[in-house]
Amino acid sequence: MAASFRLAVAVTCALVLATACQGLQVGYYKKTCPSVEHIVRDEVKKFVYKNTGIGAGLIRMLFHDCFVEGCDGSVLLDPTPANPQPEKLSPPNFPSLRGFEVIDAAKDAVEKACPGTVSCADIVAFAARDAAYFLSRFYVKIDMPAGRLDGRVSSASEALNNLPPPFFNITELVGSFAAKGLDVEDMVVLSGAHTVGRSHCSSFVPDRLAVPSDINAWFANLLRRRCPANPTPANDPTVNQDIITPNAFDNQYYKNVLAHKVLFTSDAALLTTPATAKMVQDNANIPGWWEGKFKAALVKMSQVEVKTGMQGEIRKNCRVVN
């Protein structure tokens, strides 16, 4: 690992939590499971090449995992009689969160090669990294540190309490990210992941389509044609988050923010302070700027409140605790 990257990881760890990066390092499995990152990447590739939306889901999965109980694979746990309402059944995750089958396939393949060695939490982090790599047409290359352990706690109510909803304003967004040790620029940069994926109409209707609104009139009319005026669980279609380059992991999201062609209140909120608006402009207009920032921000987020030592375990099956 290059000295400069070691320093960057060390600085990031200090910013997140004093203990957050204990044991996390790039190449963590070099001796115990040297093929793990290739195995995960091969599985992600199979799924993403069939359906780019799965790639968007895997990036979102890491975010939704890390913001609730830390980056510990708790979002993967299925309901049980003892815990009928885990994170994955919380409204921010169900039914919209995708990619669980990719994690299952990767874990199965990794277990065959290196039984009982690699955590589900690390597989989630590797899969998000690989999804960004494929969706960016191999442009976004991230050195992802590993060494996370899997958590044993998963609560739907904690997901509701910790995941920033699409109607948050800028103050609420900044507070939500700050609670996880992430700063304003991290928030703006990670929001750029909305350059891929789809959203249910209920995430922005009727709020964003009310009159008056800052939303572009042509874009609002397009959304009105695609979404019911009052979405219900039985009638809640999805639309692309980025209508210009929907399947490309690129900086188009920020151009859409500037053009007022974004779905969420939380997307439009990035223009409501001079500092965040300047970040949006730089991400939109300077080639390669956002992609470089995203690499660092994703790694920083992947280190939030990780489990180490006796705090966690290495699950045999990602859907159930040992």
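## Starting with Glu69

Is Glu69 buried, partly exposed or exposed? Glu69 counts as partly exposed, because its relative accessible area is 27%, and the partly exposed class runs between 20% and 50%. Keep in mind that you are looking at a predicted model.

Where does Glu69 sit? Look in the loop that runs between helix H3 (52-66) and helix H4 (100-113). Its backbone deserves a glance too: phi is positive there, about 70 degrees, even though Glu69 is not a glycine. As a rule, most residues other than glycine have a negative phi.

## The whole chain

Now zoom out. The chain holds 13 helices and two strands. Its C-alpha atoms fill a box of roughly 55 × 45 × 35 Å, taken along the principal axes. The radius of gyration is 19 Å, and a compact globule with 322 residues would have one near 20 Å, so the chain agrees with that picture.

Of the 322 residues, 52% count as buried. The chain also brings together residues from far along its sequence: take the contacts between residues at least 6 apart in sequence, and 78% of them join residues at least 24 apart.

## Surface and charge

What does the outside add up to? The accessible surface of the chain comes to about 14,000 Å², and 58% of that belongs to carbon and sulfur atoms. As for charges, the chain has 33 positive and 31 negative ones, and the mean positions of these two sets are 5 Å apart.

## Pro164, a spot with an annotation

Pro164 comes with a label: an unreviewed UniProt entry covers this residue with the annotation "binding site". You'll find Pro164 in the loop between helix H6 (156-162) and helix H7 (170-178).

Is Pro164 buried or exposed? Pro164 is buried, because its relative accessible area is 17% and the cut-off for buried is under 20%. Leaving aside neighbours within four places in sequence, Pro164 is in contact with Phe63, Phe67, Leu173, Ser176 and Phe177.

## Backbone oddities

Glu69 has company. Arg137 also shows a positive phi, about 55 degrees, without being a glycine. Arg137 lies in the loop between helix H5 (120-135) and H6, and with 63% relative accessibility Arg137 counts as exposed.

Then there are the cis peptide bonds. One joins Val205 and Pro206, with omega at about 5 degrees. Another joins Val211 and Pro212, with omega at about 0 degrees. Most peptide bonds are trans, so cis bonds like these go against the usual pattern. Pro206 is placed in the loop between strand S1 (198-200) and H9, and Pro212 is likewise in the loop between S1 and H9.

## Arg226 in helix H9

Helix H9 covers residues 217-226, and Arg226 is part of it. With 46% relative accessibility, Arg226 counts as partly exposed. Which residues does Arg226 touch, not counting those up to four places away in sequence? They are Cys201, Pro237 and Val239.

You can also check a distance here. Arg226 and Asp236 are 10 residues apart along the chain, and their C-alpha atoms are separated by 9.9 Å.

## Asn240 and Asn256

Next come two asparagines. Asn240 lies in strand S2 (residues 238-240) and counts as partly exposed, at 23% relative accessibility. Not counting its neighbours within four places in sequence, Asn240 is in contact with Gly197, Arg198, Pro246 and Leu263. How far is Asn240 from Val257 in space, C-alpha to C-alpha? The answer is 14 Å, for a pair 17 residues apart in sequence.

Asn256 sits in helix H10 (residues 252-258). With a relative accessible area of 4%, Asn256 is buried. Its contacts, again without residues up to four places away in sequence, are Asp242, Ile243, Ile244, Lys261 and Val262.

Technical notes: Residues numbered from 1 in each chain as written. Predicted model: local features only at pLDDT ≥ 70, side-chain atom pairs only at ≥ 80, totals over all residues. Heavy atoms only, no water. UniProt positions renumbered as here; feature names shortened; annotations may be inferred. Helix = DSSP H or I, 4+ residues; strand = E, 2+ residues; numbered from the N terminus. Buried < 20%, exposed > 50% of the residue type's maximum accessible area, 1.4 Å probe, protein only. Contact = heavy atoms within 4.5 Å. Rg over C-alpha atoms; globule rule 2.2 N^0.38 Å. Areas by Shrake-Rupley, 256 points an atom, 1.4 Å probe, with all protein chains shown as cover. Lys, Arg positive; Asp, Glu negative; His and termini not counted. Charge placed at Lys NZ, Arg CZ, Asp CG, Glu CD.
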